[in-house]
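Reader: I'd like a close look at one part of this model, the ligand site. Could you walk me through it?

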Amino acid sequence: MNLIEHYIGGKIVTGSSSRKGKVFNPATGTQESEVLLASKSDLDLAVQKAKQSFESWSNTPPLQRARIIFKYKELIEKNSDLLTKLIVSEHGKVYEDAKGSLTRGLEVVEFACGIPQMLKGEFTENVGTNIDSWSIRQPLGVCAGITPFNFPAMVPMWMFPMAIACGNTFILKPSEKDPSCSLKLAELFSEAGLPDGVLNVVNGDKEVVDAILENKDIAAVSFVGSTPIAKYIYETAAKNEKRVQALGGAKNHCVVMPDCDLDQAVNGLMGAAYGSAGERCMAQSVAVAVGNVGDKLVEQLAKKVEALKVGPGMDKSSEMGPLVTKEHLEKVKGYVDLGVQEGAKLVVDGRDIKLQGYEEGYYIGGCLFDNVKKEMRIYKEEIFGPVLSVVRAKDFNEAINLINDHEFGNGTSIYTRDGDTGRTFANKIKVGMVGINIPIPVPVAFHSFGGWKRSLFGDQHMHGPEGVRFYTKLKTITSRWPSGIRMNPEFVMPTMK
Ligand code: NAD
């Protein structure tokens, strides 16, 4: 059995805990690895190494840091097939999709190569007579990231390249369901020249997460995962005086207007609802059919959902892979059962799919519900599987209200040919990331990623300019050189005369 350990101080470390988690290949349902679940003392060791490295890494000129990140970019490109296969083997998503997610992570590394430009600061000459003032952004210290199973490369890469480029050192706690890719990413960074202890990976579960939240030497925590855990991380980290950003779950709506190009909307929805088997925080899990477009939309969707090719992620013909674990498969099937009980119309039922040779894999076919109502749990809760719910709305305003009243506000999109409708939608909608005729509006690396409402606790989004702000603190210096003129003590607030 393959053993997945920790990466601390530039080397693979076994640590002191004997607790282990099981890592499965979702395509076959077989356990292929065990992952060590770290104790508090394993975390303490990682923090000690990260703390020791901070002094010299934070003083390394940004240009030299950027050169290492450039080399890292090259190494990720060179190893992209290996990294992609690691994602597929533990997460289950199809190869090309896994590769795309790695590329989206790589784009953050590319953005981080420009860190000297982003840390330039601001300068004002003569804020007072012969007095200058400037603002700089300095790193925080040791930062930590806690990440979900659904993007084992991309989500960690939203965090550590930005934190490290800004001069921090970092401890990553990846999902215990698919941890191997994170370890490889850390080893490659060392190979690129990153000093030991700047990036550490500690595997584990709640025990090590709590140790992170309580550790006095960790200055900031970035989290991505489900909403209840995000709220817990936000509250606990803040109570322990840490800077924190905690991204949570989602229920993303796609509004289909009667004037839209329906083929485009249907194709967009297919990828957005069923890509990665719906295990994306930006998956479109609700289609809001406005006016009279509903019947045609459901008819066209149904044909395509029935034709979805479900299979192992390494099979080039698969469009959708398995779910991540058996428990998650049971949960998603349970939601489909619930939808039927709640009275929604199950137009396509993917619950009983069987794949020859992969009978033990965690597969479910695409499911499509029509006539879903806002009171139903399948509408209110995040299912995180290949289940699309169609809700009918009589007009545009009803569609907007539906979205604005929902507890989540991660992503949304609208299909329309009308510019005014698109613009009004973008203006009025209470959601962090908005697409107009774009099915999954994930911001690129040089913008920032984050939702609203209970999809994000904290002030700053991830990567892009917000990432630089999160991983640095502002310092403003006001200075006057002694001019030989003796000053008398001043007891009133200095102001410009
Ligand atoms: P999760 O919340 O179960 O786990 C996320 C991380 O938290 C993991 O590292 C896990 O080990 C840790 N964790 C789990 N339970 C914990 C507990 N009780 N105490 C402390 N730590 C705990 O999420 P998941 O199932 O891995 O990922 C899926 C979820 O992540 C979905 O809700 C999805 O919407 C969300 N997600 C959100 C975004 C976003 O950008 N908003 C992106 C990706 C995923």
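To start: which atom of the ligand does a polar side-chain atom of Glu176 lie 2.7 Å from?

Author: Quick ground rules first: this is a predicted model, where local features need pLDDT of at least 70, side-chain atom pairs count only at pLDDT 80 or more, and totals for chains, interfaces and linings use all residues. Residues are numbered from 1 along each chain as its sequence is written, and side-chain values use heavy atoms, with hydrogens and water left out.

For Glu176, that partner is an oxygen atom of the ligand, a polar contact (a pair of N or O atoms within 3.5 Å). Ser226 also reaches a ligand oxygen, with a side-chain N or O atom 2.6 Å away. Thr147 uses its backbone instead: an N or O atom there sits 2.8 Å from an oxygen of the ligand. On its own the ligand exposes 850 Å², and the protein buries 88% of that (Shrake-Rupley areas, 1.4 Å probe).

Zooming out, the shell holds 26 residues, each with a heavy atom within 4 Å of the ligand. Thr147, Lys173, Glu176, Ser226 and Glu382 come nearest. Helix H8 (206-214) and strand S11 (218-224) each give two or more residues to that shell; helices are DSSP runs (H or I) of at least four residues and strands (E) of at least two.

And where does this sit overall? Domain 1 (2-248 + 455-477) and domain 2 (252-436) both contribute shell residues, so the ligand lies between them; the bounds come from an automatic or database domain assignment.

Definitions and conventions:
Polar contact = N/O pair within 3.5 Å; in protein donor to acceptor, adjacent residues only side chain to side chain.
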